[in-house]
Amino acid sequence: HSGSPSNFRQSGVFEFNGQRGNVDAELSTRGNTINGKFGLNTPFYSFRNLGAEFSHSGDKYNFENSGSLSFNDQRYIANSQYGIRGDSITGSASVKIPEEYGFSFNHDGSLRKFKNRAEINLNGDKLSGNTAYKWNRSGLQASANVQTPFRQLRNLDASVSHSGDLYNWEN
């Protein structure tokens, strides 16, 4: 073992019935960043290699995470990201197990005028949607669009607009 509780490396070797294996672990932190790693190698064929890694960087308003697990020849991966800057919010998450699934979104604008976008990935099949909204003294405008991989529902659109006051208006 070397290092402190927040930044260290640990290694070990073990023996079972004359066969050897090893274990390794690492952790490092610095500011808003943390990384870790663990590995286990055994002499047993069905449990040869086990590993895990993770990382996180950023604060509660803007961050990225990643992690992976490995078991023998299989690897599983996850990632996420989130950010706020002014009136904009973005985020995404994905996993690969070995199929790939994920989603992403973004929002841009204020309560009276904004746009949104979202996308879902289902192992290559993508669903996406957009919305827009604008409200001011002259009226209201809103729209939405959804796109899917399904033939009957490939592209869906909706919109509404309103102008005028309570006694003289148009939709």
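## Loops, rings and a pocket

Thr148 sits in the loop between β12 (139–147) and β13, where strands are DSSP runs of E with at least two residues, numbered from the N terminus. This is a predicted model, in which local features need pLDDT of at least 70 and side-chain atom pairs count only at pLDDT 80 or more, while totals for chains, interfaces and linings use all residues. Residues are numbered from 1 along each chain as its sequence is written, and side-chain values use heavy atoms, with hydrogens and water left out.

Back to that loop. Thr148 counts as buried because its relative accessibility is 10% (buried is under 20% relative accessible area, exposed over 50%, partly exposed in between, with a 1.4 Å probe and protein chains only). The Thr148 side chain makes a polar contact with the backbone nitrogen of Phe150 at 3.2 Å. A polar contact here is an N or O pair within 3.5 Å; within protein, one atom must be able to donate a hydrogen and the other to accept it, and residues adjacent in sequence count only if both atoms are side-chain atoms.

Thr42, in the loop between β4 and β5, has a side chain that reaches the backbone nitrogen of Phe44 at 3.2 Å. A polar atom of the Thr42 side chain also lies 2.4 Å from the backbone oxygen of Phe47.

Here is how some other loop residues compare with Thr42 for exposure.

| Residue | Loop | Relative accessibility |
|---|---|---|
| Thr42 | between β4 and β5 | 13%, buried |
| Asn72 | between β6 and β7 | 17%, buried |
| Asn123 | between β10 and β11 | 44%, partly exposed |
| Asp165 | between β13 (155–164) and β14 (169–170) | 47%, partly exposed |

Now for the backbone oddities. Most residues other than glycine have a negative phi, and most peptide bonds are trans. Asn72 goes against that with a positive phi of about 55 degrees, and Asn123 has a positive phi near 55 degrees. The peptide bond from Ile97 to Pro98 is cis, with omega near -10 degrees; Pro98 lies in the loop between β8 (88–96) and β9 (100–109).

On to the rings. There are four aromatic pairs, counting rings of Phe, Tyr and Trp (its six-membered ring) with centres within 6.5 Å; planes under 30 degrees apart are stacked, over 60 edge-to-face and the rest tilted. One of them is the stacked pair of Phe114 and Tyr133, at 5.3 Å centre to centre with 25 degrees between the planes. Phe114 belongs to β10 (residues 113–122) and Tyr133 to β11 (residues 125–136), so this pair ties together parts that are 19 residues apart in sequence. Tyr133 itself is partly exposed, at 24% relative accessibility.

What about open space? The largest pocket is lined by 14 residues, and nearest its centre lie Asn35, Gly36, Lys37, Glu53 and Phe54. Elements giving two or more residues to this lining are β3 (19–30), β4 (33–41), β5 (49–58), β6 (62–71) and β7 (74–85). A pocket, on a 1 Å grid over the protein atoms alone, is an open set of points where a 1.4 Å probe fits, with protein on both sides within 12 Å along at least five of seven lines; lining residues have an atom within 4 Å of a point.

Phe54, in strand β5, is partly exposed at 40% relative accessibility. From Phe54 to His162 the C-alpha distance is 50 Å, with their positions 108 residues apart in sequence. The C-alpha atoms of Asp165 and Ser4 are 68 Å apart, for 161 residues along the chain.

Note on methods:
Helix = DSSP H or I, 4+ residues; strand = E, 2+ residues; numbered from the N terminus.
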